[in-house]
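This report describes one protein chain, moving from a single residue outward to the elements around it. Please keep the sequence and the model in view while reading.

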Amino acid sequence: MRHPRTMLSAALGLGLAAALAVPATAATTANSPTAAVTSSSTPSYAAYEGSAEDAKATKAFFDAVVKSVAKKRAANPGAQAVTVVYNASNAPSFRSQISSSTQIWNSSVSNVRLVEGSGADFSYYEGNDPRGSYASTDGHGRGYIFLDYRQNQQYNSTRVTAHETGHVLGLPDHYSGPCSELMSGGGPGTSCQNAYPNSQERARVNQLWANGLAAAMAKVS
């Protein structure tokens, strides 16, 4: 597992660009436990251990998911809850961690709920990637979370998954934060076992899904 600074240097060396694209290999091979997903051609992403484009990638991912949810609500204005649907079929090795992450977030916030189902707003994938786990978007209203095998063996896997899911809900990385802060990611080191958002993170997600969804609804209505 690379140190955060090493990962940052590697990310900077990629010549990060604004374009967002889903790695073709992730869509075709990530459902295999032995898949080697090489997505270095995808320069804009929010990684567990750091990237110069984290803030931009997180916003793009959040905006894509909110837009997808808003379109569904516009078609069904009577829906009571704001629901974000995910697809975990391409990350079978992490089904338990994804389920735990979903339970953690659903018990922590009130303005949005995560559920597994068809017509997903984002998907999980698994495989090997030297950048580790990350969240990204293809720029066309579809977001995805990539879970790296090696990183999830070295760090608390539920924390990694819950952290990346935090990007779905709009939270940026904050690697200088303590272990008690979920979005500090790999900053506190491999000994950190906390997989729960703190009170500030919970409040921020509730705020984002109250205000962000309302803005998105106005655009698609």
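In which strand does S123 lie? The model is a predicted one, and in it S123 belongs to strand 4, which covers residues 122-127.

## S123 and its strand

S123 has a relative accessible area of 13%, and because buried means under 20%, this residue counts as buried. When its neighbours within four places in sequence are left aside, S123 is in contact with N87, G143, Y144 and I145. One of these, N87, is also its bridge partner, the residue that pairs with S123 in strand 4.

The burial of S123 is shared by its strand, since 6 of the 6 residues of strand 4 are buried, so that the strand is largely enclosed by the rest of the structure. Both faces are covered, with F122, Y124 and E126 buried on one side and S123, Y125 and G127 buried on the other.

## Strand pairing

Strand 4 pairs with strand 2 (residues 83-90), to which it runs parallel and is joined by 3 bridges. Strand 4 also pairs with strand 6 (residues 143-148), again in the parallel sense, over 6 bridges. In this second pairing G127 stands opposite D148 of strand 6.

## Aromatic pairs

How many aromatic pairs does a search of the whole structure find? The search finds 7. Among them is the pair of Y86 and Y124, which is edge-to-face, with 5.6 Å from centre to centre and 90° between the planes. Y86 lies in strand 2 and Y124 in strand 4, so this pair ties together parts that are 38 residues apart in sequence. Both partners are buried, Y86 at 6% relative accessibility and Y124 with a relative accessible area of 0%.

Ring pairs also link Y125, Y134, Y144 and F146 into a cluster. Within this cluster, Y125 is one of the buried residues of strand 4, and Y144 is one of the residues in contact with S123.

## Helix 4 and G166

Helix 4 comprises 14 residues, 95-108, and at 1.5 Å a residue it should span 20 Å; its end C-alpha atoms are 20 Å apart, which agrees with that expectation. The buried residues in helix 4 are Q97, I98, S101, T102, I104, W105, N106 and S108. As background to such a list, an α-helix has 3.6 residues a turn, so residues three or four places apart point the same way.

Two of the buried residues of helix 4, S101 and W105, also appear in the description of G166, a residue found in helix 6. The C-alpha atoms of G166 and S101 are separated by 9.4 Å, although the two residues are 65 residues apart along the chain. Apart from neighbours within four places in sequence, G166 is in contact with W105, L171 and M183. With a relative accessibility of 0%, G166 counts as buried.

## The loop between helix 6 and helix 7

Which cysteines does the disulfide join? A search of the whole structure finds 1 disulfide, and this bond joins C179 to C192, with an S to S distance of 2.0 Å. The torsion about the S-S bond is about 85°, so the disulfide is right-handed. Both cysteines lie in the loop between helix 6 and helix 7, so the pair ties together parts that are 13 residues apart in sequence. Their exposure can be compared directly: C179 is partly exposed, with a relative accessible area of 26%, whereas C192 is buried, with 4%.

G187 lies in the loop between helix 6 (157-168) and helix 7 (199-220). This glycine is partly exposed, with a relative accessible area of 36%. The C-alpha atoms of G187 and S176 are separated by 6.1 Å, the two residues being 11 residues apart along the chain.

## The chain as a whole

The elements described above belong to a chain with 7 helices and 6 strands, which follows the pattern α-α-β-α-β-α-β-β-β-β-α-α-α when read along the sequence. Of its 221 residues, 50% are buried. The accessible surface of the chain comes to about 9400 Å², and carbon and sulfur atoms account for 53% of that area. Among the contacts with a separation of 6 or more, 67% are between residues 24 or more positions apart.

Technical notes:
Residues numbered from 1 in each chain as written. Predicted model: local features only at pLDDT ≥ 70, side-chain atom pairs only at ≥ 80, totals over all residues. Heavy atoms only, no water. Helix = DSSP H or I, 4+ residues; strand = E, 2+ residues; numbered from the N terminus. Expected span 1.5 Å × (residues − 1). Buried < 20%, exposed > 50% of the residue type's maximum accessible area, 1.4 Å probe, protein only. Disulfide = S-S within 2.5 Å. Contact = heavy atoms within 4.5 Å. Areas by Shrake-Rupley, 256 points an atom, 1.4 Å probe, with all protein chains shown as cover. Pairing = 2+ DSSP bridges. Phe/Tyr/Trp six-rings, centres within 6.5 Å; stacked < 30°, edge-to-face > 60°.
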